[in-house]
Amino acid sequence: MTANPAIVSLQNIGKTFHLGAHTVRGAHDLSFDLHSGRTLALVGESGSGKTTCARIIMREYIADEGQLLFHGTPVTDNTPKGLKQYRKNVQMIFQDPFASLNPAHTVDYHLRRPLALYRRDLKGKAVTDEIHALLRQVELDPELVAPKHPHDLSGGQRQRINIARTLAVGAKVIIADEPTSMLDVSVRQGVLELLNRMKRDLGLALLYITHDVATAHYVAEDIMVMYGGQILEWGDVNAVLSNPQHDYTRMLLSAVPNPEIRFDDPQSRLDPTAVNAVREQAKQLHPHVKTAGPNHFYRHTAA
Ligand SMILES: Nc1ncnc2c1ncn2[C@@H]1O[C@H](COP(=O)(O)OP(=O)(O)OP(=O)(O)O)[C@@H](O)[C@H]1O
């Protein structure tokens, strides 16, 4: 019995891609939960399977194995109506804040659309009031920002509009795929702080996807380290980062000059040479990682 049951759960999820004669396991035996008011960081280098995992949760990919559950019930309705109902609750924020906004339309339009689709109870002035409330929620001045087009906004402001759109829909779960990696270092902290505040104030469940292990402890309570489509290590973020048990996690951390360095410090970026070294060492240590058994995993249990 838990006081905070999972909103979204993955149970033994697997997804294999077929590329001609080759197969790639994008996800293998993934099991984890997303809880209200908590952030789970999904960390791994490029190609580890993070986006595959996000797409399975968004139901853009259908898993070959395992089950996706929403409030404990298997999600099986793949009709447009079923998908719309699911995506009212589960939304995604993408890496590129510009690509997800239509340059021809104003901020007001971008927020009016989801309200028209998902908040049909709102009419007339109540819609404008809601748009202004959403903009205030993401710490933007409604009078100034609502009439603007995406190109009039900074990267950080655009990402805040994308966050406001997920709130307009009424999402309970947000999948944030590298939400700050294309932003100036100077505005990253503000966007992550906003996500943290929304998680606390609105009880959102967040999956924070990043290749940058140094930012994970800033936003997440829990962390999973992924490699080759599998979870290699997971648990409390401080426990994992301060006492990593898996060789791969250790190597990822050793590629960061100092895990205590703030994420907005350029020194916290992974050194590409070190990352290459990590990858090569991991391949040697775990040559069969794609079919690895339980001995290859480590789970930090609560103290
Ligand atoms: N649609 C697809 N078709 C074929 N292979 C795919 C597809 N999507 C992902 N893959 C493969 O699955 C593996 C995991 O890819 P994925 O994009 O999930 O990794 P990632 O950790 O998100 O990487 P990145 O950080 O670069 O986005 C990779 O080997 C990738 O080539």
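How much of the chain is helix and how much is strand over residues 8-253, and how far apart are the end C-alpha atoms? Here are my notes, with the answer in the opening point.

1. **The annotated range.** Over residues 8-253 the chain is 41% helix and 27% strand. The C-alpha atoms at the two ends of this stretch lie 29 Å from one another. The range itself comes from UniProt, where an unreviewed entry lists it as "domain: ABC transporter". Please keep in mind that you are looking at a predicted model.

2. **Confidence.** The model scores ipTM 0.94 and pTM 0.84. Mean pLDDT for the chain is 85, with 83% of the residues reaching 70 or more. Among the elements, H5 has the highest mean pLDDT, at 97, and strand S11 (residues 298-299) has the lowest, at 56. I would also point you to residues 287-297, where pLDDT stays under 50. For that stretch the model has 14 contacts beyond four places in sequence.

3. **Overall make-up.** The chain has 303 residues, of which 39% count as buried. Its secondary structure comes to 11 helices and 11 strands. Among contacts with a separation of 6 or more, 68% are between residues 24 or more positions apart.

4. **The ligand shell.** Which residues are closest to the ligand? Of the 13 residues that surround it, the closest are Phe17, Gly26, Ser46, Thr51 and Thr52. Strand S1 (6-19), strand S2 (22-35) and helix H1 (50-57) are the elements that give two or more residues to this shell. H1 gives the most, with three residues. By character, the shell divides into nine polar residues, three nonpolar and one charged.

5. **The core and Val225.** The largest nonpolar core holds 69 residues, and those touching the most other members are Ala41, Leu207, Ile223 and Val225. Val225 lies in strand S9 (residues 222-227). Why does Val225 count as buried? The reason is that Val225 has 27 C-beta neighbours inside 10 Å, and 20 or more are enough for a residue to be called buried.

6. **What Val225 touches.** Setting aside residues up to four places away in sequence, the contacts of Val225 are Val43, Gly44, Leu232, Glu233, Trp234, His246, Tyr248, Thr249 and Leu252. Gly44 is a good one to look at in the viewer. Val225 and Gly44 are 181 residues apart in sequence, yet their C-alpha atoms are 5.8 Å apart in space.

7. **His18, in a strand that contributes to the shell.** His18 has its place in strand S1, one of the elements that give two or more residues to the shell around the ligand. Is His18 buried or exposed? His18 counts as exposed because it has 8 C-beta neighbours inside 10 Å, and 12 or fewer put a residue in that class. Between His18 and Arg119 there are 40 Å, C-alpha to C-alpha, with a sequence separation of 101 residues.

8. **His217 in H8.** His217 is found in helix H8 (residues 213-219). It counts as partly exposed because it has 18 C-beta neighbours inside 10 Å, a number that falls between the limits of 12 and 20. Beyond four places in sequence, His217 touches Val237, Asn238 and Leu241. His217 and His22 are 195 residues apart in sequence and 37 Å apart in space, C-alpha to C-alpha.

9. **Positive phi at His71.** This residue deserves a look at its backbone. His71 has a positive phi of about 50° although it is not a glycine. Where is His71 found? His71 sits in the loop between strand S4 (65-70) and strand S5 (73-74). With 12 C-beta neighbours inside 10 Å, His71 counts as exposed, because the class takes in residues with 12 or fewer.

10. **Positive phi at Glu139.** Glu139 is another residue other than glycine with a positive phi, here near 60°. Glu139 lies in the loop between helix H4 (125-137) and helix H5 (142-145). H5 is the element with the highest mean pLDDT in the chain, 97. Since Glu139 has 15 C-beta neighbours inside 10 Å, it counts as partly exposed.

Key: Residues are numbered from 1 along each chain as its sequence is written. This is a predicted model: local features need pLDDT of at least 70, side-chain atom pairs count only at pLDDT 80 or more; totals for chains, interfaces and linings use all residues. A residue is near a molecule or strand if its C-beta atom, placed from the backbone, lies within 6 Å of it. Helices (H or I, at least four residues) and strands (E, at least two) are DSSP runs, numbered from the N terminus. Ala, Val, Leu, Ile, Met, Phe, Trp, Tyr, Cys and Pro count as nonpolar, Asp, Glu, Lys and Arg as charged, and the others, Gly among them, as polar. A nonpolar core is a set of buried Ala, Val, Leu, Ile, Met, Phe, Trp, Tyr and Cys residues joined through C-beta atoms within 7 Å. Two residues are in contact if their C-beta atoms, placed from the backbone, lie within 7 Å. UniProt positions are given in the numbering used here, feature names are shortened, and annotations may be inferred rather than shown by experiment. pLDDT is the predictor's confidence in each residue, from 0 to 100.
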